[in-house]
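User: Please take a close look at one part of this protein chain, the place where its two domains meet. Then set that part against the other local features that can be read from the model.

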Amino acid sequence: MPETIYPLDSTKKFTDQQIVGHNRWHPDIPAQVHVKPGDSFRVDCREWFDGAIVNDDSADDIRDAPLNTVHVLSGPFAIEGAEPGDLLIVDILDVGAIPQETGPLAGQGWGYTGIFAKQNGGGFLTEQFPDAYKVIWDFKGQRATSRHVPHVEFTGIVHPGLMGTAPSHELLQRWHKREGDLIATDPDRVPPLALPPEPSDAVLATLTGDDFDRVAAEAARTAPPRENGGNQDIKNFTKGSRVFYPVFVPGANLSMGDLHFSQGDGEITFCGAIEMGGYLDLHVDLIKGGMETYGIGENAMFMPGNVDPQYSEWIAFSGTSVTLDDKQHYLDSHLSYQRACLHAIDYLSKFGYSPEQAYMILGAAPIEGRLSGVVDIPNSCSTVYIPTAIFDFDVKPSAKGPQQIDPGMGVPKSSF
Ligand code: ZN
C-alpha cells in the first residue's frame, strides 16, 4: 500500500482536517501536497456532502442537502515540473471504501443514493420524480444490497466521480461567460440551468482574508464536467484506469473526490451513484507538451480499467426523442435516454417495485446506457441495459406474466 499523503480523520469535519481541501475550482487555490512524476500515493476522500447524509429511513437529509458545500475535494496536488500544455497521466492503482466496517460515515460499510427534490437540484427525471427520496445500500465485499430495494444485489464498480486539474484564469473566464449566458436565457428556472459562483460555504484550502474573498467570488462550482475533467461521473474510472488530463496551470493542481461504490451510466438521479467516502491509490506521470502532441486540449481522455462485473445477459429498453405528450423533438438524445429510462421504470414496476425503487436501481446498479442512433431524423434512439442477474427473480418477459415480488418497506420519502 502506498504512503497516505492526504489523510482524513473520519471523526472530523472537512474543514477541521490536518490538510484542508476545497470545494470550488480556481487557479489560485494553493496546492496542499507536492508530488513528483513517477510517485505513487494514497489519498483519502470524503463523501461528497461531508457527512450530511445519514444511515436512516428518512429522506429529510436529502431534501435539505446542502448543495453549496459540494464537492468536498482532496487536493490540490502539485506535480513537480508540470506546465501548461502538458498531459498529466493519472493511474488509478486502487480505489475503495473507508477501510473499516463500523462508524457513522458513508463508506464505512454503507452508502446512499438520493433523488433530489426539484426545488433543490432536481435530477434527470425531475418532472416525474419532483420529491426527495433516499436509499441506503449495504456493502459486503464487492456486493451491494438495500433494505429499501429488496430482491436486488449487484457487484459495485468502485470509481471516483470527480477528478481534475485546476483551470487557468483564461479558462475560468470562458466557463463563466458561457455558463452565465446560458443562465441568462432563463434565470428563474427551477432547477437552475447552471450554477454561478457561490461564495457561501466555499472552502479554499489555506486561503484567507482578501485572497479568500476574491477567489470565493470568482471560483467555479464543481457540479459540471468541463475541460479539466471534473465531475465526469464516468463509472468506468475503476481500478486499473489510466486518465490523461490537460494541464492548465504550473503544477497541474490535481484534485479528486466524490467516490462511488457503484453507478449506472448517466448517474441519472443526480445524487445517483452509491455515494461514499474512501481512498484512492494513484500514480502520476507527465507527457511534456502532450496536449498539442495528442490533440487533447478540450477534455480528458482515458483508458478504462478492466474490473467490470461479468454480466452476460441483459434486458434493454429503447427510447426516442418524443415527449410523453407526443411532441416530436429533433435528434434529442437527452430526451431519448429519458424515455428509455422511463420505459425501464414502467417495466420494473410491473413486478411490484415502486417507480422510485426502479429509478434507484437504474441510478445505482451497473446498467449501461448507449446512444444507439443519432442520425435517423427526427428521432434519436437511446438504450439502457440492465443485467438480469442482479435480480433474485426472473425479470424476463414470458407468457406467465411478471412474477410479483414483495417490495418491502420501499424507498423513504422526505416529509414536508
Ligand atoms: Zn457522486
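Analyst: The account below starts with the domains and their interface, then turns to the metal site and to some local details. The model is a predicted one.

The domain assignment divides the protein chain into domain 1, residues 4–303, and domain 2, residues 314–390. Their C-alpha centres are 26 Å apart. At the interface, 31 residues of domain 1 are in contact with 24 residues of domain 2. About 2,300 Å² is buried between the two domains, and 70% of that area comes from carbon and sulfur atoms. On the domain 1 side, Phe 124, Phe 129 and Asp 265 supply 26% of the area buried against domain 2, more than any other three residues. The size of an interface is often given in this way, as the accessible area lost when the parts come together.

As for polar interactions, 15 residue pairs are in polar contact across the interface, counting pairs in which both residues have pLDDT 80 or more. Four strands of domain 1 each supply at least two residues to the side that touches domain 2: E6 (110–115), E7 (133–140), E9 (154–155) and E15 (270–276). E7 gives the most, with 4 residues. By residue class, this side of domain 1 consists of 15 nonpolar, 12 polar and 4 charged residues. The count of salt bridges between the domains is 1. The side chains of Lys 235 and Glu 368 form a salt bridge, with N to O at 3.3 Å. Side chains of opposite charge can pair when their charged atoms come close.

Strand E15, one of the strands named at the interface, also takes part in the zinc site. The zinc ion is coordinated by Asp 258 through two OD entries, His 260 through NE2 and Glu 275 through two OE entries, at 1.9 to 2.7 Å. The donor residues follow the sequence spacing D-x1-H-x14-E. His 260 lies in strand E14 (residues 254–260) and Glu 275 in strand E15, so this pair ties together parts that are 15 residues apart in sequence.

In the whole structure, the search finds 28 salt bridges. One of the pairs is Lys 13 with Asp 50, whose side chains meet at 3.5 Å, N to O. Lys 13 is in the loop between strands E1 (4–6) and E2 (33–35), and Asp 50 is in the loop between strand E3 (40–45) and helix H1 (60–63), so the pair ties together parts that are 37 residues apart in sequence. Asp 50 also has a positive phi, near 55°, although it is a residue other than glycine.

Past helix H1, Thr 69 is found in the loop between H1 and E4. Its side chain has a polar atom 2.7 Å from the backbone oxygen of Pro 66. Leaving aside neighbours within four places in sequence, Thr 69 is in contact with Asn 23, Phe 49 and Asp 201. Thr 69 and His 22 are 47 residues apart in sequence, and their C-alpha atoms are 9.6 Å apart.

Two cis peptide bonds can be added. Gly 75 and Pro 76 are joined by one, with omega near -5°, and Pro 76 lies in strand E4 (residues 74–79). Ile 377 and Pro 378 are joined by another, with omega about 0°. Pro 378 is placed in the loop between strand E19 (368–373) and strand E20 (381–387).

Key. Residues are numbered from 1 along each chain as its sequence is written. Side-chain values use heavy atoms; hydrogens and water are left out. Domain bounds come from an automatic or database domain assignment. Contact means heavy atoms within 4.5 Å. Buried area is the accessible area (1.4 Å probe) that two parts lose on being put together, summed over both. A salt bridge is a side-chain nitrogen of Lys or Arg within 4 Å of a carboxyl oxygen of Asp or Glu. A polar contact is a pair of N or O atoms within 3.5 Å; within protein, one must be able to donate a hydrogen and the other to accept it, and residues adjacent in sequence count only if both atoms are side-chain atoms. Ala, Val, Leu, Ile, Met, Phe, Trp, Tyr, Cys and Pro count as nonpolar, Asp, Glu, Lys and Arg as charged, and the others, Gly among them, as polar. Donors are N, O and S atoms within 2.8 Å of the metal (3.2 Å for Na, K and Ca); water is not among the atoms, so sites may look incomplete.
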